[in-house]
Amino acid sequence: MGKVIITNIGTIASGNIDEPILKADTIVIEDKLIAAIGGKELLDHAGDARIIDANGATVTPGLWDTHVHVTSGDYAPRQKTLDFISSALHGGVTTMISAGEPHYPGRPKDPAGTKALAIVGSKSFYNAPPAGVKVHGGAVILEKGLTEADFVEMKEQGVWIVGEIGLGSIKKPEDAAPMVEWAHKHGFKVQMHTGGTSIPGSSTVTADDVIRTKPDVVSHINGGPTAVSQAEVDRIMDETDFALEIVQCGNPKIADYVARRAKEKGMLGRVIFGNDAPSGTGLIALGILRNMCQAASVSDIAPEVAVCMATGNPAKVYGLNTGTVAVGKEADLVIMDTPMGSIGTDALDAIAAGDIPGISFVLINGEVVVQKSRNTPPAVRAAKPFIL
Ligand SMILES: [Zn+2]
């Protein structure tokens, strides 16, 4: 792949919560990675680079959805829908983390079956990423009978995520905690369903269950869709350092409570955003943008920090090399601006006003994969190929 340069950028929302806005207007991409960030002087060595004129719009990292119930390819059996991943890409999502594949028809619930499903899920999404989106599938669902050797084998086969605990037959901390220890020992990231029962067959999980099980991620601390009480939220926030996931298909009142409390307590770096879809709630192509808008417009979170919750924060939790605008990171980027008719003056201002920004370009590994989103409202200042 040749060199790509994005220039005339109005604002760079970096996704890094320690420095959420970068003072620069040009990004150079080489060999799928961000190679330089700076001013127009970077154009001096453009050579035969493909140049994108951001037209004064805002660049953010590609968004993450940390809670997706993928199944196989771009098909959602729960809602009998195709192409939801492609649709999310048009909402700026370039990385998806599976929270387990419980919608797989006839999902096997024995140890060999759940292990096999995780291995197939992981390999199939890496072999054929739907719409180019970096889908990390094959999040193993914990079932009774799994052994430490199973975790070793799964890791060797590319599985590295434990889908939300509570979906399978392992529900209680006394059963889950030893498996979580094995998982951590072998380099897995672990998620745990939190709150009321989501679908028949899964279970209600309390703050106490979460604290005793020690996952990395408190999946949908605002409920999926039924939330724990505010007192239980307080316990999880105060007694652990786990990542706090807010989902779109959850309880909006608790989402607001968590965001405000995280701000008050200096815990905004722990908050990450997911959709919890496909699910009974449906499919929300713009769900991650909606989370950003809710946090910024309703919960008084600075919009550039809301961007971090959808990008750099989850990148830290999951340890992947995408999610911030920084040299050496994978060049997964979104160019967005205030949508036509908004009171917002730019993308961040629109998000703070509660308006979904308009996306003009999405890049994955430096390749333009969306030109003019089919799902967001149109951007006032749309990026365009640079013509001399
Ligand atoms: Zn759940």
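Okay, let's start with a definition: the radius of gyration here is taken over C-alpha atoms, and the globule rule is 2.2 Å times the number of residues to the power 0.38. For 388 residues that rule puts a compact globule near 21 Å, and our protein chain comes in at 20 Å, so the two agree.

Before going on: this is a predicted model, where local features need pLDDT of at least 70, side-chain atom pairs count only at pLDDT 80 or more, and totals for chains, interfaces and linings use all residues. Residues are numbered from 1 along each chain as its sequence is written, and side-chain values use heavy atoms, with hydrogens and water left out.

The C-alpha trace spans about 65 × 40 × 35 Å along its principal axes. The chain has 11 helices and 21 strands (DSSP runs of H or I, at least four residues, and of E, at least two, numbered from the N terminus). Buried residues make up 59% of the 388; buried means under 20% relative accessible area, with a 1.4 Å probe and protein chains only.

Now, what coordinates the zinc ion? You'll find Glu164, giving two OE entries, plus His193 through ND1 and His220 through NE2, at 2.1 to 2.7 Å. Donors are N, O and S atoms within 2.8 Å of the metal (3.2 Å for Na, K and Ca); water is not among the atoms, so sites may look incomplete. Glu164 sits in strand E13 (residues 161-165) and His193 in strand E14 (residues 189-193), so this pair, 29 residues apart, links distant parts of the chain. Both Glu164 and His193 are buried.

Definitions and conventions:
Buried < 20%, exposed > 50% of the residue type's maximum accessible area, 1.4 Å probe, protein only.
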